[in-house]
Amino acid sequence: MKRTERQIYIYDVSVRSRSRHAVPPPLSDVIVALRAAVDGQLAVIERDRGTIIYRIGELEVDDIANTVTLLIRRGDTNASNAVYSHRVTGASRVAEREEDEVGDRAAHLVISLVSESARPGRYLAHLEGVPAIGHRVVQALLNRAVSQATKNNLSFFSYDDPAGARDHQGSLKTHPFVPLIELLGHPHENLINDLEQGTVSQITLIDARPKGQLGGNQYLEEREHIVQVKVDSAMPAGNRLAGLIGAARTRRASFQTAAIRFKDPQGHNRTVKFDIDSGNPEQLQYLASYDISGVAPPLNDSSDHIVVRLADQIKRRIQSDRS
């Protein structure tokens, strides 16, 4: 990453309910739970046997811009010491890491607190592009934080008993629940145009969950199951992407990924993979994004606090896109 530039990827944050009887809460209520998790040091997940640590480092609500900014931090216990060299002499300097320190990097996530008018429960979100801090881990971190906060305070989210049952005092019974947060990527317009103007040949549905051993042979491990679906070349243009992903979603109980093979208008063969459940393209080059340049003073890889000079630019873009 250049010190004065950042690439920002565009998502929607979706708030749904894990219980069919519960009404999804507004994002503002979810933010209250997230703040409680951050304050209680509960907004943390560990990966790779504890060698990688993700946390929400800071959360800030802007009531004027109607946004919330989260600083997503990643700590790596196996990170090497940083080394810098003199541009003329070549002499190097090592910035040594202390025993109880981790290599740190951070990404800003800015979310609109105003729900999209045509899609209730969906909120525009912009995520700073930082290696190893992708939408999957951010989504997992947000859900973990909300779950931990709810575990500590069951009154955060609840719904009335659907059968009208009452407690010993005669009051209507309520049940706690945990909302589900998803980050849904905006496909790049070039991908949409290529699918519309090109020729789609095939969809491959992929189930990559462990399957066991082939024929009981301990040396033969099944890695994935796939289903290949031929796409008729006569498929009409018009919302092709939505149609393809919608069809793949009918099999999401069995498959996690869909790979769409197509030829673009120039005749080049392309393959794009999607997460079936969310509809997110797996390759970042197929996600809608924009660049921020000329950030001054220059940015570091990480920070203890939200970097206002960057966050404010993202906020302004969200406000513009939202309006």
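Contact here means that heavy atoms lie within 4.5 Å of each other. With that in hand, welcome to a set of close-up views of this predicted model.

**View 1. Leu142 and its partners in the largest nonpolar core.** Leaving out residues up to four places away in sequence, Leu142 touches Leu34, Ile56, Leu70, Leu109, Ile181 and Leu183. The largest nonpolar core has 42 residues, and Leu142 belongs to the group that touches the most other members, together with Leu34, Ile56, Leu70, Leu109, Ile111 and Val138. Helices and strands both build this core: those giving two or more residues are β1 (6-17), α1 (27-39), β3, β4 (67-76), β7 (103-112), β8 (122-128), α2 (135-152) and β11 (179-185). Another core lies apart from this one; it has 18 residues, including Leu195, Ile203, Leu241 and Phe262.

**View 2. The buried side of helix α4.** Take a look at helix α4, which runs through residues 240-249. Its buried residues are Arg240, Leu241, Leu244, Ile245 and Ala248. They sit on the same side of α4 because they cover an arc of only 120° around the axis. And what covers them? Among the covering elements are the helix α3 (189-197) and the strands β12 (199-207), β16 (257-263) and β17 (269-275). Leu241 has also been met in View 1, as one of the residues of the 18-residue core.

**View 3. Gln256, in the loop after α4.** Follow the chain to the loop between α4 and β16, and you will find Gln256 there. Is Gln256 buried or partly exposed? With a relative accessible area of 24%, Gln256 is partly exposed, because buried would mean under 20%. Setting aside neighbours within four places in sequence, Gln256 is in contact with Ile206, Asp207, Ala208, Arg209, Phe274, Asp275 and Ile276. One of these partners, Ala208, offers its backbone nitrogen, which the side chain of Gln256 reaches at 2.9 Å. Asp277 is also worth finding in this view: 21 residues separate Gln256 and Asp277 in sequence, while their C-alpha atoms are 6.9 Å apart in space.

**View 4. A salt bridge between distant parts of the chain.** The structure holds 18 salt bridges, and this view shows the one between Asp62 and Lys315. Their closest N and O atoms are 3.0 Å apart. Asp62 belongs to strand β3 (residues 52-62) and Lys315 to helix α5 (residues 308-322), so the pair links parts of the chain that are 253 residues apart. Both Asp62 and Lys315 are buried.

**View 5. Arg270 and Asp264.** Here is another salt bridge, in which the closest N and O atoms of Arg270 and Asp264 are 3.1 Å apart. Which of the two is buried, and which is partly exposed? Asp264 counts as buried because its relative accessibility is 4%. Arg270, at 35% relative accessibility, counts as partly exposed.

**View 6. A salt bridge within helix α5.** The side chains of Asp321 and Arg317 meet in a salt bridge, at 3.2 Å from N to O. Both residues lie in helix α5, where four residues, about one turn of the helix, separate them. Asp321 counts as partly exposed at 36% relative accessibility, and Arg317 counts as partly exposed at 31%. Elsewhere, Asp12, Glu116, Arg119 and Arg122 are joined into one network by salt bridges that share partners.

Methods. Residues are numbered from 1 along each chain as its sequence is written. This is a predicted model: local features need pLDDT of at least 70, side-chain atom pairs count only at pLDDT 80 or more; totals for chains, interfaces and linings use all residues. Side-chain values use heavy atoms; hydrogens and water are left out. Buried means under 20% relative accessible area, exposed over 50%, partly exposed in between (1.4 Å probe, protein chains only). The arc is that of the directions from the helix axis to the C-beta atoms. A salt bridge is a side-chain nitrogen of Lys or Arg within 4 Å of a carboxyl oxygen of Asp or Glu. A polar contact is a pair of N or O atoms within 3.5 Å; within protein, one must be able to donate a hydrogen and the other to accept it, and residues adjacent in sequence count only if both atoms are side-chain atoms. A nonpolar core is a set of buried Ala, Val, Leu, Ile, Met, Phe, Trp, Tyr and Cys residues joined through side-chain atoms within 4.5 Å.
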